[in-house]
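Trainee: I would like a close look at a single part of this model, one helix and what packs around it. Please take it step by step.

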Amino acid sequence: MSLTVLMVLVIVVTNAAGDICITRGMKRVGEIDGFRPGQLLKIVKRVLTCGDFLLGILFLAMSFFSFLAILSWADMSFVVPATSLVYVVALIGARFLLKERVDGLRWAGTIIVCVGVALICLP
Amino acid sequence: MKTFLFLSIAVLAQAVGNTCLSKGMKTIAASTQAVEALSLGLLVEAMGTPLIWVGILCLVVFFGCFAALLSWADLSFVLPASSFGYILNVAFASHFLGEPVSSTRWAGTLLIVLGVILVSRSAAGRHGNSDETEGIADATDS
């Protein structure tokens, strides 16, 4: 497995993991239904002390730095479309870790994304 | 109108940002004596490169516009709308970075955009019709 493929997987998996952690954290914080300064301050405090959220930020940071690293040698026209795989991984994570319901159309869409990514990998 | 404006700025900022990051990282890799593909030194040098910070700033602008859009528009609209950014990214890579982009790669990019649109369409079905719930709330209000 080449370093490039490995890096793409790292970027995609950590990004999806970050998204899932942040989703879980924000659901725990609760729906933001008011925007008065006092309310917002309370929400910010809850968010910043939420383990899931902070873990999510850590994962996203890992994803971003891996993205920077791979750009030092790989084509942007390959890397950016390749990272669209995050839609697929996040969807699988959402279904099995967050127990979200995913309908047929959404699965179809993600499969099409995969085919698209496979195409951009070809020389 | 403001939706179109914010979308345009978001998509443009993301493409410009990625282009700056790519250019910056390639320049660092080219000028480094011992080119280690993966090293902390590479990232440390990146943090000291102005073009990288311009790229990060552009991505921050993109994220700001994205978040702002979500404050009034549906995610099921914003997500596919911003997926056109993939096309812009590839176009910028070809034009500004001189990357060779085969027709296969273009076809793959278009398929990805289609896939994102499909995924978002299903989301529209799931969370749509806030009018229904509003109607019910009105009916039970006394």
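Mentor: What follows is an account of helix α1 of chain B and its surroundings, in a model that is predicted.

The setting is chain B, which contains seven helices and zero strands. Read from the N terminus, its elements therefore run α-α-α-α-α-α-α by the DSSP assignment. Of its 142 residues, 33% count as buried. Among contacts in chain B with a separation of 6 or more, 76% are between residues 24 or more positions apart.

Now to the helix itself and its partners within the chain. Take α5(B) to begin with. The axes of α1(B) and α5(B) come within 9 Å and cross at roughly 40°. That angle is over the limit of 35 degrees for roughly parallel and falls outside the perpendicular range of 65 to 115, so the two helices are oblique to each other. Their crossing is right-handed. On the α1(B) side, the contact is made by B:V11, B:Q14, B:A15, B:N18 and B:T19. Facing them from α5(B) are B:G85, B:L88, B:N89, B:F92 and B:F96. By class, the residues of this contact divide into five nonpolar, five polar and no charged.

One residue of that contact merits a separate look. B:G85 lies in helix α5 of chain B. Is B:G85 buried or exposed? It counts as buried, because 21 C-beta neighbours lie inside 10 Å of B:G85 and the cut-off is 20 or more. Not counting residues up to four places away in sequence, B:G85 touches B:V11, B:Q14 and B:A15, residues that also appear on the α1(B) side of the helix contact. B:G85 can also be placed relative to B:V113: the two are 28 residues apart in sequence, and their C-alpha atoms are 8.9 Å apart in space.

The other partner is α2(B). Here α1(B) and α2(B) pack at an angle of about 125°, with their axes 10 Å apart. This value lies between the perpendicular range, which ends at 115, and the antiparallel limit of 145, so these helices are oblique to each other as well. The crossing of α1(B) past α2(B) is right-handed. From α1(B), the contact uses B:G24, B:M25 and B:I28. From α2(B), it uses B:L42, B:E45 and B:A46. These residues divide into four nonpolar, one polar and one charged.

The helix also takes part in the contact between the chains. That contact takes 35 residues from chain B and 28 residues from chain A. On the side of chain B that touches chain A, the elements giving two or more residues are α1 (2-31), α2 (40-47), α5 (85-96) and α6 (103-127). The largest share, 14 residues, comes from α6(B). By class, this side of chain B has 21 nonpolar, ten polar and four charged residues.

Last comes the nonpolar core. The largest one has 60 residues, of which A:L71, A:Y87 and B:A10 touch the most other members. With eleven residues, α1(B) gives the most to this core. Leaving aside neighbours within four places in sequence, A:L71 is in contact with A:M76 and A:V79, and across the chains with B:L21, B:S22 and B:M25. Of these, B:M25 also belongs to the contact of α1(B) with α2(B).

Methods
Residues are numbered from 1 along each chain as its sequence is written. Chains are lettered from A and ligands numbered from 1 in the order in which they are written. This is a predicted model: local features need pLDDT of at least 70, side-chain atom pairs count only at pLDDT 80 or more; totals for chains, interfaces and linings use all residues. Helices (H or I, at least four residues) and strands (E, at least two) are DSSP runs, numbered from the N terminus. A residue is buried if 20 or more other C-beta atoms lie within 10 Å of its own, exposed if 12 or fewer, and partly exposed in between; C-beta atoms are placed from the backbone. Two residues are in contact if their C-beta atoms, placed from the backbone, lie within 7 Å. Ala, Val, Leu, Ile, Met, Phe, Trp, Tyr, Cys and Pro count as nonpolar, Asp, Glu, Lys and Arg as charged, and the others, Gly among them, as polar. Axes are lines fitted to C-alpha atoms, for helices over the stretch in contact, and angles run from 0 to 180 degrees between N-to-C directions. A crossing is left-handed if the near helix is turned anticlockwise from the far one by less than a right angle, and right-handed if clockwise. A nonpolar core is a set of buried Ala, Val, Leu, Ile, Met, Phe, Trp, Tyr and Cys residues joined through C-beta atoms within 7 Å.
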